[in-house]
Amino acid sequence: MDTLATTDVTIERLAPTAPEGDSRAGAAMAAPPQPPMLRAVAPAALQVSETAREPGPITGPSAPRKRNPARRWTVTVVKQLATLGVALVAIVMALVTWDYYVTAPWTRDGRVRVQVASVAPQISGQIVELRVGDNQYVHKGEVLYVIDPFDFEVALREGKAQAQQRAADLQVKEVQSERRQRLSSLATTPEEQQTSAGAAVQAKAVFEAAQQQVAQAEINLRRTQVRSPVNGYVSNLLMRVGDFAHEGATNISVIDTDSYWIDGYFEETKLARICIGDRVEAKLMGYAQPILGHIATVTRGIGVQDGASGTQGLPNVNPVYTWVPVRIAIDSVPDGIPLVSGMTATVTVKDAGEAGDRPWLDRAVAEIETRLFDVLDGPPARPGCIPATTTERATPA
């Protein structure tokens, strides 16, 4: 009923007011008929509506809540602490990264190296047979090419014939010397005995020289088959059948696959953190799995280009760091990674006493602590890593 009353009051207010000269009939016709019940309650509803418009305290779920000052302060402090923590983490990471790039023993300038056997014939002659191709794998002792053996076969047969002749001459002179030695002084003289004995000795020497010539002819005949001195790959093969091989002139190269190593070129500022025997991980460009090895030796001398006379006769010095090569012996190569001399590698040196079985989180925390101490106190040198002097002899290949 209150709703109806409120509606009736609103309708009465919106209705236009009749002018003063109008008759009651006209006013009655202009005003809509109202039910008796609504007409009775209209004044009360109007009073209620007017009262509802007066401002008063707002209650209920739509009323705004007052903020707690303690909560506001807590939120502000948390935001400031979070910002400060992010800034500290960024600073720590920047310091760790800077120390890693400056003092950590690693370098992108690593190269795969290998020994190359430069094969040259020990005799001269025309090549009549080529038994290998370029980049072919050969075993030690396998024939690479053959030189025309005809001249050396003739020399061998001639040497054997001369040796037989010298052997017969030696036999005759030894018999003569022996017979003269048995004769009495009436049949021969001491001078003749000495002469025959000397002739026998000379004949023996000539026979031995002939035997050496035969041996040399046999060796030269075997040398017509030029063999590989190592296990490896034939590289840069340019020779062909019909070429003339000159004694001592290299005409074929074989890469020794048993002699691969890696040279890591480190700046002088990083040598204090490198020790002989340290573990090494070398990642070749284009391959994810690293090659494992260890520090074998450190070069004891490099070429110095500075010091040449410049303007006004003064030394011309380039203000750059010198790169010192470190030789890395290869321990294991993952399957599917080919070793090619000259390939680029990123070399990272690990401490020989570093435990590799610790959890990665412990290793990361220890690495960060080490880097921070390096920034604060400077990178500590590891004494005794590279001996000042050594009398050890390297094993020759």
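Q: What is pLDDT, and what average does the chain have?
A: pLDDT is the predictor's confidence in each residue, on a scale from 0 to 100. The chain averages a pLDDT of 79, and 72% of the residues score at least 70. Over residues 1-32 the pLDDT is below 50, and this stretch has 17 contacts beyond near neighbours in sequence (contact means heavy atoms within 4.5 Å). Where pLDDT is low, the predicted coordinates should not be read in detail.

This is a predicted model, in which local features need pLDDT of at least 70 and side-chain atom pairs count only at pLDDT 80 or more, while totals for chains, interfaces and linings use all residues. Residues are numbered from 1 along each chain as its sequence is written, and side-chain values use heavy atoms, with hydrogens and water left out.

Q: Why is L84 called partly exposed?
A: Buried means under 20% relative accessible area, exposed means over 50%, and partly exposed lies in between (1.4 Å probe, protein chains only). L84 has a relative accessible area of 48%, and is therefore partly exposed. L84 lies in helix 4, residues 69-103 (a helix is a DSSP run of H or I with at least four residues, a strand a run of E with at least two, both numbered from the N terminus).

Q: What makes L81, L84, L88, I91 and L95 a nonpolar patch?
A: Patch residues have over 30% relative accessible area and no salt bridge (a side-chain nitrogen of Lys or Arg within 4 Å of a carboxyl oxygen of Asp or Glu), and nonpolar side chains (Val, Leu, Ile, Met, Phe, Trp, Tyr) are joined within 5 Å, like charges within 9 Å. These five residues form such a patch on the surface, with about 460 Å² of accessible area together (Shrake-Rupley method, 1.4 Å probe, only the protein chains shown counting as cover).

Q: How do you know that strand 10 and strand 15 pair?
A: Two strands pair if DSSP finds at least two bridges between them. Strand 10 (residues 261-267) and strand 15 (residues 323-332) have seven bridges, in the antiparallel sense, so they pair. I262 has I328 in strand 15 as its bridge partner.

Q: What makes strand 12 and strand 15 a pair?
A: Six bridges join strand 12 (residues 291-298) to strand 15, and the two run antiparallel; since at least two bridges are needed, they pair. G293 has I330 in strand 15 as its bridge partner.

Q: Why does P290 count as partly exposed?
A: P290 has 22% relative accessibility, which is between the limits for buried and exposed, so P290 counts as partly exposed. P290 is in the loop between strand 11 (279-284) and strand 12.
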